[in-house]
Each structure stands twice: as structure tokens, then as C-alpha cells.
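Dear colleague,

I am passing on the structure below, together with some notes on its interior. Please look it over when you have a moment.

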Amino acid sequence: MFDRVAPRYDALNRILSGGRDVGWRRRAIALARLGSREVALDVGVGTGDVAFGLLDASDPSARVIGVDVSPLMLEAARRRAEGRGERRFAALLATVDGLPFADASFDRVVAGFAVRNFSDLALGLREMRRVLRTGGRAVILELSTPPNPLIGVAYRLYFHRLSPLIAATLGGDAAAYRYLPRSVAAFPNADGVAERMRAAGFARVRYERLNLGIAAIHVGEA
């Protein structure tokens, strides 16, 4: 599915979110900014929006490694790196269920709109914690469920009914955008994600809701 949506992924995200996803990523990147010679792991790197934004915002000596399960997403990220002349980025085909890195390998672990797609959320979060160095930070940006019931009704109407139609009209994969609201509905709310991060071993876990709670940024430390 992610291979199918890769060619139009960025454009449709901008349209379906009304451009709000740009600001959400900017806020997450600010919380994950890297210092001198620090290294981040971007889990579910996709086409690289978070990874390249993080490199732009961080110390020039910082590096980012991105992993994803979609070869076409990784191909798109590599093309972007080549177009930028970016040598501080590397991409690897891998699953979060068994990250191919030693314990305490990274100063940051970031994930943008990827965590709700984990086949095993608890295991994926434990793996993210495992590869994080002491004093490091995980920053997770994810779609969420608005806490206000009235806003939730409008949100579900848009997500379940309108967004697949818009995606199909614009040449996207309607089936993939029907999966999107189902994945959000099955995903824990912001409090639930925070609880699971604590259970995975993260300390000082906190979160902030964005745009009335339709998205949230979670932060946890090692």
C-alpha cells in the first residue's frame, strides 16, 4: 500500500491536511533538533520530510538515518537526498519490530505519522527506546483523536467519507485513504500513547495536542 501511494504521498498529505502537516512537522523537528555530531533515527522515514527538515534545523555535523518498510518510499527519499547533495542522510529497508542497530546507537529517534502503522505498537516502542542513548529523546508526531466529541464527529465525517473521495479525485489511491481513518480509529488516544511509551521504558513522557487534537506530538527521554 505504501509503495502505491509513494508517488503522490507528499502532495496529497498537503491537500488533505489543508497544509497543517507542514507546521506539525516543524514543531516536531524543533523538539528533536540535533547538536554537534549527534545522530537521529527516523522510523518510517517515508519520503524524508521529517529527516530533511531535521537536518536543515540541526548542527551541520549532525546525521540522520531513515528506515522504512516501503522500497518506493525509500527510493523517493534517496532521490531527494541526491537532489539536495545531502551526504548526511542514509536510508535502509528495515522494520521497527527488529531494528538492525545496536543498543544506544542514536541521540534522537523520530517518527512522523508512522507509529500507528506498527504491527506491534508495544514492541516498536521498545525497539525505539532500545536504540536511544541515555539522555536522548524520542519525538513522535502522529494523528490522534480529538477529545471534544463534537469536533470528533466532524473529524470522522471528513476522514471517513470525504478524504477518500478527494484522494481518488486527485488521482490518489482511494483504498489507502480509506485505511487512513481506520488506522487512526484503532490507534490509542494521546493519553494511551503516553501510557504505552512509559511502559516501553521512556521517562519524562509528555505530549501536546495540535489543531484541537487531530494530531499530537509525544516526547519521551532515555
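The notes below cover the nonpolar cores, a cavity and one aspartate.

This is a predicted model, in which local features need pLDDT of at least 70 and side-chain atom pairs count only at pLDDT 80 or more, while totals for chains, interfaces and linings use all residues. Residues are numbered from 1 along each chain as its sequence is written, and side-chain values use heavy atoms, with hydrogens and water left out.

The largest nonpolar core (buried Ala, Val, Leu, Ile, Met, Phe, Trp, Tyr and Cys residues joined through side-chain atoms within 4.5 Å; buried means under 20% relative accessible area with a 1.4 Å probe, protein chains only) has 32 residues, of which Trp24, Leu54, Val64, Phe89, Val139 and Ile217 touch the most other members. Apart from this core lies another, of 30 residues, among them Val39, Ala111, Val193 and Ala194.

Leaving aside neighbours within four places in sequence, Val64 is in contact (heavy atoms within 4.5 Å) with residues including Leu34, Asp42, Leu54, Arg88 and Phe89.

The largest cavity (points on a 1 Å grid over the protein atoms alone where a 1.4 Å probe fits but cannot get out; lining residues have an atom within 4 Å of a point) holds about 50 Å³ of space, the volume being that filled by probe spheres set on the points, which are joined across faces, edges and corners. Its lining includes Ala28, Val50, Gly112, Val139 and Leu141.

Finally, Asp21 counts as buried because its relative accessibility is 3%, and the Asp21 side chain lies 2.5 Å from that of Arg25 in a polar contact (N or O atoms within 3.5 Å, one able to donate a hydrogen and the other to accept it; residues adjacent in sequence count only if both atoms are side-chain atoms).

With best wishes

Terms used:
Buried < 20%, exposed > 50% of the residue type's maximum accessible area, 1.4 Å probe, protein only. 1 Å grid on protein atoms, 1.4 Å probe; cavity = no way out; pocket = protein on both sides within 12 Å on 5 of 7 lines; lining within 4 Å.
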